[in-house]
Amino acid sequence: MPGPILRITSSKAVHFLKPVTVQLPLSLSEPHRKDIDMSVARVRILFKESSSEKEEWIEITEKLETLPRFDGNVISFAVNHFSG
């Protein structure tokens, strides 16, 4: 079961001088949190080029400098840029 899903968008391409860390809190209500086995939770980072004619999301999790970390409350990962 996928989710929760968060989409970060940018009106133009942004390239950072060094990687920045994105931290996303997982704010599920207690009944929903009990349904998730956090020991097997999988974090996936996907990318969609806005200028592309394809409406295709590409998984880039393994291409990140450091794999996403999830401590049960916050998901964090580093990126070098956001696309336009």
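User: Which residue in β5 does V22 stand opposite?
Analyst: V22 stands opposite F77 in β5. Keep in mind that this is a predicted model.

User: OK, and how do β1 and β5 pair, parallel or antiparallel?
Analyst: Antiparallel, over eight bridges. In general, strands of a sheet pair through backbone hydrogen bonds.

User: What's the strand order in the sheet they belong to?
Analyst: The order is β1-β5-β4, in an open sheet of three strands with antiparallel pairing. β1 (14–25) and β4 (69–70) stand at the edges with a single partner strand each, so each has one side without a neighbour in the sheet.

User: How many bridges join β4 and β5?
Analyst: Two bridges, again in the antiparallel sense, with β5 covering residues 74–82. R69 has S76 in β5 as its bridge partner, and F70 stands opposite I75.

User: What's between those two strands in the hairpin?
Analyst: Three residues separate β4 and β5 there, and G72 in that hairpin takes a positive phi near 95 degrees.

User: Switching topic: which residues make up the largest nonpolar core?
Analyst: There are seven of them: V22, L24, I45, L64, I75, F77 and V79. Two elements, β1 and β5, give two or more residues to this core, and β5 gives the most, with three.

User: Why would residues like that end up together?
Analyst: As a general point, nonpolar side chains in soluble globular proteins tend to be buried together. The pair we started with fits in here too: V22 and F77 stand opposite each other, and both belong to that core of seven.

User: What does V79 touch?
Analyst: Leaving out residues up to four places away in sequence, V79 touches F16, P19, V20, V22 and L64. V22 and L64 are also listed in the largest nonpolar core, alongside V79 itself.

User: Last one, S11. Where is S11 found?
Analyst: S11 is in the segment before β1.

User: Is S11 buried or exposed?
Analyst: Exposed, because its relative accessibility is 79%, and the cut-off for exposed is over 50%.

User: And how far apart are S11 and F82?
Analyst: In sequence they are 71 residues apart, while in space their C-alpha atoms are 9.6 Å apart.

Conventions:
Residues are numbered from 1 along each chain as its sequence is written. This is a predicted model: local features need pLDDT of at least 70, side-chain atom pairs count only at pLDDT 80 or more; totals for chains, interfaces and linings use all residues. Side-chain values use heavy atoms; hydrogens and water are left out. Two strands pair if DSSP finds at least two bridges between them. Helices (H or I, at least four residues) and strands (E, at least two) are DSSP runs, numbered from the N terminus. Buried means under 20% relative accessible area, exposed over 50%, partly exposed in between (1.4 Å probe, protein chains only). A nonpolar core is a set of buried Ala, Val, Leu, Ile, Met, Phe, Trp, Tyr and Cys residues joined through side-chain atoms within 4.5 Å. Contact means heavy atoms within 4.5 Å.
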